[in-house]
Amino acid sequence: MSDSAVLARSPEAESLAHTLASRTSDVEDLVRSAWARFIGARSGVALAATGGFGRRELFPHSDVDLLIAVESESELSALRDPLEAFLRHLWDADLRPSHAVQTVAYCGAGHEDNLELSISLLDRRYVAGDPGVFRSLDERFSAFLAKSKLALARALAAKTEARHAKFQNTIYHLEPDVKNAPGALRDLQTVRWFRQLRGQQIALDAPFEFLTRTRIRLHEIFGRDYNVLSFEAQDTIWDDAAAGMRGYFQYARAVERELERSLEHASTDPGTLLGRFHDWRSRLSTSEFTVSRDRVLLRDPGRDTGLRVFEFAARHGLRLAPDTVERLASYAPRVSWADWKALLSTDHASVAFRAMQQTGTLSAVLPEWRRIESLVVRDFYHRYTVDEHTLVAIASLESVRDARFANLLTEIPDPWIVRFALLLHDIGKGSGGDHVTESARIAGEVLARLDAPGQDRAAIEFLVRHHLELSTVMTGRDLEDSATAQHLVSRVETVERLKQLAMLTYADITAVNPEAMTPWRLEQLWRTYLLAHRALTTGLYSERIHASVDVSAGRAAFLEGLPVRYLRTHSFEQIDAHVALARELESRAVAVEIAHDRRIYTLTLMARDRSGLFAGIAGAISAFGLSILKAEAFSNMQGIIVDTFTFADSNRMLELNPTEVDRLRAMVRRVAEGRQDPGQLLRARPKPAPPSRQARFEPSVRVTNGASDTATLVEIVAEDRPGLLYDLARAISDADCNIEVVLIDTEAHKALDVFYVTALGGKLPEPRAMELQSALLSACEGR
Amino acid sequence: MKKIEAVIQPHKLEDVKEALKGIGIDGMTVIEVRGHGRQKGHKEIYRGMEYQVDLLPKIKLEMVVAEARAEEVVRTLATAARTGKIGDGKIFISDVAEAIRIRNDDRGEAAL
């Protein structure tokens, strides 16, 4: 196809181009006559049109870009007064001249600190003055361009990226700037410049027409060079503003795609350090995908790879190559719940969702997404469309700057739940009703269709339904009032959910606009989190299950007297499995079950309570070389204790030797029945190397009598080590105290343990509490 | 004219706004601020880590009212913002020399 065929414009675009050209022509006549009047026919100086004026695309109120080129600097002093009069005349004629005065030699060389000039000269055009000067300028600049195209393209790319950063790198602004925002007119022109530098031309007819028409209207409405498509302007320009904005985003996406191609072409040079790094990334290539210049390409475009291409991009933080995006247009693979989970578990899940949105796959596999695509919901605070807000929220979890929330995120074992909830949290917006209720309803439908397991479904639905809870409390309720704490406890129910909800709230606020998460809000959210955390932690023991409703008789007898937390953290399937396990106690003293999900194992033990039992099991597991991640111990009214230990099989010992699971079960049974001393087993284990000095920290043991009516709360934070839990539980037993409830957690090399203990059926008197604290501190240090 | 500045608990903002609206005061500037008075800061312990909380989130309200109404506004504001606990905040009153509405150059109380 010839260039002229490619560039043939639609009648609409032609008419708009004519409008701009006609304005250019009018302005040009005025400028020429002013030049003739004030500068005259003197030699050694020429006037060139640059920028939009040079392109003959002058908008009603935009600046008139002029270059006054002089043969040599010696011309300047004689020109000063006439030039001043010339420019003043243009201002008086209601034009806004934006001028530069430069020598021909300066224009014909590259200037890193004056890239604007080189770019504006791409659209140079003679207007008036000495034609010889313009010819000389034209020749010199053309010669410069011939040898500096690559450098100029790279500089243009850097400038474009810097401009995009000012708009948070997204086209999806509720009130976009139709000149400078990503996907708008400046980008469209940038694409043209890139093509020009490569000796090609391109027509972006439809976007040009739409964006140009919109900008002309904005100039007419505001009577000045104002380019923000404000809500007010949207209402003035279109009868249906929502449809108008959908149109805007459609064209902005088209421009963005073309620009992406141009930027990709200009971005890498294998000779540079960055280029070599990009090449090094190509080692990430697999049998399915190639990584080239940090972009993912499909090896076999015909092959259905499910969501793996997106998962691959997300795992390595890579973007899809424009070619891949084109090939995957409207790609709609069959997606299972496991696929979603794998995708959401990657560190850069937002990258995957962006890629899926680009290809149309997100709305293909999640049709509900269409409801919020490019959806403008007018709001004083929100800056982005609903879909963009959602993706920004997911991305915000990938770079949490505040140390407290960054740590909190690491405490959540399944952050993918939070990401999925974020994906759906505003899906009901635009429905006209209460968006929280609508989002929760839609989330329920989506999760049912995806056949999500009951617990995952409950967790995600909970987060969507309550996603405004913490924001509302942090601004609307007294954080010093115990009623607020109780309100949060009743809504959130478990520490696990609280952590998920806090991170979801953090992401939701952060994604409202770049300034939304002020230190003020951060502090309020953290205080709200702490309030609920304290209330949930201290309420662990005091709330017990009594006269269980809505459960079978078998379940009810087992549940009676267990802490309420047990009911909130176990599904009915898990409760039934425990009820069945408890029945084994009719024929044996100890019932043990070991299950696993990949390399994470869960051991559940039930027995009649016996002093030192919890310590013994912890010791047996550690003696086996397994690392305890979490543990819980509860007991019910029948005196049955339910101990659960979650541990990691980091060395794949159990996975590769299935008989070892039987050996572990037998060992636990022997220890639980008092037939084996766990202390002796632990002593036989080799001592691990202590952590580096930098990683070490002082242990802390807090003993509180005010947290519960009937038991003493012991909170321990210590460096984790094999056998630590055994030593702590042993110290409690040796102090003749009973462990009523235990909640053990680990975070990297830190152990975080909560015990509710009693002595003689009640709280520990002060001297005994002090003694226990001292004994536990010694145990933390392995003394 | 009097300028009234009040530092209040964040959760009291809606009550105060409603109360002021009730006596015909609609115009005010609301600023999210952090600070402490006698309440001072305190230490929060979370999972073994100590966090010094020395600047507590508060809301600052600013409004300029006719001198004759200042006392009524202050009384209404204080009543609505009060919980009786430490940290309820403070109200400051100062004289305002002039007020100008930028749009039409109204001056004095007419500009309020």
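Reader: How many residues does each chain bring to the contact between chain B and chain A?
Author: In this predicted model, the contact takes 15 residues from chain B and 15 from chain A, where contact means C-beta atoms, placed from the backbone, within 7 Å. Strand 2 (29–35) and strand 3 (42–46) of chain B each give two or more residues to that side; strands are DSSP runs of E, at least two residues, and helices runs of H or I, at least four, numbered from the N terminus.

Author: A word on conventions: residues are numbered from 1 along each chain as its sequence is written, and chains are lettered from A in the order in which they are written. Local features need pLDDT of at least 70, side-chain atom pairs count only at pLDDT 80 or more, and totals for chains, interfaces and linings use all residues.

Reader: What makes helix 18 of chain A roughly antiparallel to helix 20 of chain A?
Author: Happy to show you! Helix 18 (residues 386–396) and helix 20 (residues 415–424) of chain A pack at about 165 degrees, axes 8 Å apart. Axes are lines fitted to C-alpha atoms over the stretch in contact, with angles from 0 to 180 degrees between N-to-C directions. Angles over 145 degrees count as roughly antiparallel, so the pair earns the term. A:T390, A:A393 and A:I394 of helix 18 meet A:R419, A:L422 and A:L423 of helix 20.

Reader: How do you know that the buried residues of helix 23 of chain A line one face?
Author: The buried ones (20 or more other C-beta atoms within 10 Å of their own C-beta, placed from the backbone) are A:E469, A:L470, A:V473 and A:M474. Down the axis of helix 23 of chain A, they fall within an arc of 120 degrees, so they line one face; the arc is that of the directions from the helix axis to the C-beta atoms.

Technical notes: Parallel < 35°, antiparallel > 145°, perpendicular 65-115°, else oblique. Contact = placed C-beta atoms within 7 Å. Buried ≥ 20, exposed ≤ 12 C-beta atoms within 10 Å, placed from the backbone.
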